[in-house]
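Here's a quick briefing on the model you have open. Grab a viewer and follow along, topic by topic.

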Amino acid sequence: MTPLDKPIRRELAIGDELYTLTISPEGLKLVPKGRRKGLELAWSDLVSGDAALASALQASLER
């Protein structure tokens, strides 16, 4: 198994929009292509079941 010791970036299309997905030792980050701000999710939130709560909180703060 290969350890995740540095960020991995991949481009993906969701509908007609392009996004950049970064997978790092800290968690996941999904941002629209060419932007800096997007959705971030820590691994600890994902495994603890707080992923939905963290995502909703972040979305409310961005408004």
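The largest pocket is lined by 15 residues, and Arg9, Thr22, Leu28, Lys29 and Glu40 are the ones nearest its centre. Keep in mind that this is a predicted model, where local features need pLDDT of at least 70 and side-chain atom pairs count only at pLDDT 80 or more, while totals for chains, interfaces and linings use all residues. Residues are numbered from 1 along each chain as its sequence is written, and side-chain values use heavy atoms, with hydrogens and water left out.

**The pocket**

- Its volume comes to about 250 Å³; grid points are joined across faces, edges and corners, and the volume is the space filled by probe spheres set on the points.
- A pocket here is an open set of points on a 1 Å grid over the protein atoms alone, where a 1.4 Å probe fits and protein lies on both sides within 12 Å along at least five of seven lines; lining residues have an atom within 4 Å of a point.
- Which strand gives the most to the lining of the largest pocket? That's β3, with 4 residues.
- β2, β3 and β4 each put at least two residues into that lining.

**Overall layout**

- The protein chain has 2 helices and 4 strands, and read from the N terminus the order is β-β-β-β-α-α.
- Both kinds of element are DSSP runs numbered from the N terminus: helices are H or I with at least four residues, strands are E with at least two.
- Of the 63 residues in the protein chain, 14% are buried (buried means under 20% relative accessible area, exposed over 50%, partly exposed in between, with a 1.4 Å probe and protein chains only).
- Take the contacts (heavy atoms within 4.5 Å) between residues at least 6 apart in sequence: 3% of them join residues at least 24 apart.

**The sheet**

- The 4 strands make an open sheet in the order β1-β2-β3-β4, with antiparallel pairing (two strands pair if DSSP finds at least two bridges between them).
- At the edges sit β1 (8–14) and β4, each of which pairs on one side only.
- On average, neighbouring strands of this sheet are turned by 20 degrees against each other, direction ignored; the axes are lines fitted to C-alpha atoms, for helices over the stretch in contact, and angles run from 0 to 180 degrees between N-to-C directions.

**The two hairpins**

- β1 and β2 are antiparallel and pair over 7 bridges, and one of the matches puts Arg10 together with Leu21 in β2.
- The β1 and β2 hairpin has 2 residues between the strands, and Gly15 takes a positive phi near 65 degrees there.
- β3 (residues 27–32) and β4 (residues 39–42) also run antiparallel, joined by 4 bridges, and Leu28 stands opposite Leu41 in β4.
- There are 6 residues between β3 and β4 in their hairpin, and Gly34 in that turn has a positive phi of about 85 degrees.

**The salt bridge**

- How many salt bridges does the structure hold? Just 1, and it links Glu11 with Lys33, whose closest N and O atoms are 2.8 Å apart (the cut-off is a side-chain nitrogen of Lys or Arg within 4 Å of a carboxyl oxygen of Asp or Glu).
- Glu11 lies in strand β1 and Lys33 in the loop between β3 and β4, so the pair ties together parts that are 22 residues apart in sequence.
- Both partners are partly exposed: Glu11 has 47% relative accessibility, and Lys33 has 44%.
- Leaving aside neighbours within four places in sequence, Glu11 is in contact with Leu18, Tyr19 and Lys33.
- From C-alpha to C-alpha, Glu11 and Leu30 are 9.6 Å apart in space and 19 residues apart in sequence.

**Two threonines in β2**

- Thr20 lies in strand β2 (residues 17–23) and is buried, at 18% relative accessibility.
- Not counting neighbours within four places in sequence, Thr20 is in contact with Arg9, Arg10, Lys29, Leu30, Val31 and Lys33.
- Thr22 lies in β2 as well and is buried, with a relative accessible area of 14%.
- Setting aside residues up to four places away in sequence, Thr22 touches Pro7, Ile8, Arg9, Gly27, Leu28 and Lys29.
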